[in-house]
Amino acid sequence: MMMVFARVRLVIAAIAFFIFAAAAVPVAAQQPNSVDPNADAVHEQQLLQQLNRVQGLGSIPDTKSYVIEQPMGRVWRQFHEVWLHWIGAIAVLGMLAVLIVFYLARGMIRIESGRSGINIVRFNAFERFVHWMTATCFIIMAVSGLNITFGKDVLLPLIGPAAFSSWALAAKYAHNFLSFPFTLGVILIILIWIAENIPNRVDVEWFKRGGGMVGQDRPPAYRFNGGQKGTYWIVVLGGTAAAVSGYLLMFPFYGTTIVGMQLAQVIHGVVAMLFVAAMLAHTYIGTIGMEGAFEAMGEGTVDLNWAKEHHSLWLEEEMARTGPDKLRRQPSATPAE
Ligand code: HEM
């Protein structure tokens, strides 16, 4: 009796299996291009090619996590792993090469008439604080950001996985937290210097005459010359673009979709590389590129002859506004003959 029941159960199970299998065939046939999404994972590539994305169902409310592969993801990966590396390497190393060649060809731009031994105030303490706060954040953010792009390829093989992961973690925290004083710095830079950075006809003339970079020509300029105004707008626009795209990356999917996140990352990466290249040029001219320039932001004063040669219109304005009150004799200076 038991044997008969067992056989009947087997027959019913077999019939049920065939009915189920027969019903399943048309369902599979209804899938676009006859791909069975339930097929073995080996067929994932075929599924991807035919449906253009691999997507399933999940148990958590975030439906974005159900998407496993989608075409824009591969374009983004290509950008992130290949193109951004090229853009960064060409921009940063290219700028370094240009600056080295320029330095070898031109050397330091000297104060032609020598130092006068008398200084004039150029930047007050608050201006210098804002400059150095923003610059310090920028340098750390540039190094920590470049580590995200290049660290895996350049540093990891040199220092090994343990040291690299500790460094990369610290760098990532620095990148995130310094974004706040950096953003504050950019906002303050916009506020304190915008009025003096509106381009005018004097700047056009300054550029036409090579900005004092070529030959011994010293075209007149107000407080900021055409080149400095260019740097200012790079900081304002680059800083704003880096901050907006950076916060979108830092707070993912707040108002952004996957495509929005990818776009933010592309903008952030490209702006960052160009920004670093531009700031290398700015740092060059403020240090080894021009005699007497660093002290403007270092001590807040410049030599009177430096001011005459590089910012003659500003010097005239200052003299008319405050008279000689702003001038300070350098205790240790030997005046030019
Ligand atoms: C408010 C300002 C900024 C914020 C909020 C910010 C935020 C971020 C975030 C969240 C990431 C992604 C990190 C990750 O993938 O784990 C990132 C990447 C990056 N950041 Fe920033 N950042 C800011 C400014 C800057 C600045 C000023 C620079 C350059 C000087 C910079 C350079 C980079 C670079 C090169 C990357 C790596 C790009 C990549 O390979 O994906 N960032 N940033």
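**Two helices, an iron atom and a pocket**

Let's start with a pair of helices: α4 and α5 pass each other in a left-handed crossing. Keep in mind as you look around that this is a predicted model. Two packed helices are described by how far apart their axes are and by the angle between those axes. Here, the axes of α4 and α5 come within 6 Å, and they cross at roughly 145 degrees. As for who takes part in the contact of α4 with α5, the residues split into 27 nonpolar, nine polar and four charged.

Now follow α5 to the iron atom of the ligand. Which protein atoms act as its donors? They are NE2 of His175 and NE2 of His268, lying 2.0 to 2.1 Å from the iron atom. This pair ties together distant parts of the chain: His175 sits in helix α5 and His268 in helix α8, 93 residues apart. Why is the arrangement around the iron octahedral? Because the six donor atoms around the iron atom subtend angles of 84 to 179 degrees.

Those two histidines turn up again in the second largest pocket, which holds about 620 Å³ of space. It is lined by 28 residues, and the closest to its centre are Gly145, Ile148, His175, His268 and Ala272. Several helices share the job of lining this pocket: α3 (71-106), α4 (125-154), α5 (156-193), α7 (226-250) and α8 (258-286) each give two or more residues. What's the lining of the second largest pocket like, residue by residue type? There are 16 nonpolar residues, 11 polar ones and one charged.

How values were computed
Residues are numbered from 1 along each chain as its sequence is written. This is a predicted model: local features need pLDDT of at least 70, side-chain atom pairs count only at pLDDT 80 or more; totals for chains, interfaces and linings use all residues. Side-chain values use heavy atoms; hydrogens and water are left out. On a 1 Å grid over the protein atoms alone, a cavity is a set of points where a 1.4 Å probe fits but cannot get out, and a pocket is an open set with protein on both sides within 12 Å along at least five of seven lines; lining residues have an atom within 4 Å of a point. Grid points are joined across faces, edges and corners, and a volume is the space filled by probe spheres set on the points. Helices (H or I, at least four residues) and strands (E, at least two) are DSSP runs, numbered from the N terminus. Ala, Val, Leu, Ile, Met, Phe, Trp, Tyr, Cys and Pro count as nonpolar, Asp, Glu, Lys and Arg as charged, and the others, Gly among them, as polar. Axes are lines fitted to C-alpha atoms, for helices over the stretch in contact, and angles run from 0 to 180 degrees between N-to-C directions. A crossing is left-handed if the near helix is turned anticlockwise from the far one by less than a right angle, and right-handed if clockwise. Donors are N, O and S atoms within 2.8 Å of the metal (3.2 Å for Na, K and Ca); water is not among the atoms, so sites may look incomplete. Four donors count as tetrahedral if all angles lie between 85 and 135 degrees; four count as square planar and six as octahedral if opposite donors are over 155 degrees apart and all others between 65 and 115; anything else is irregular.
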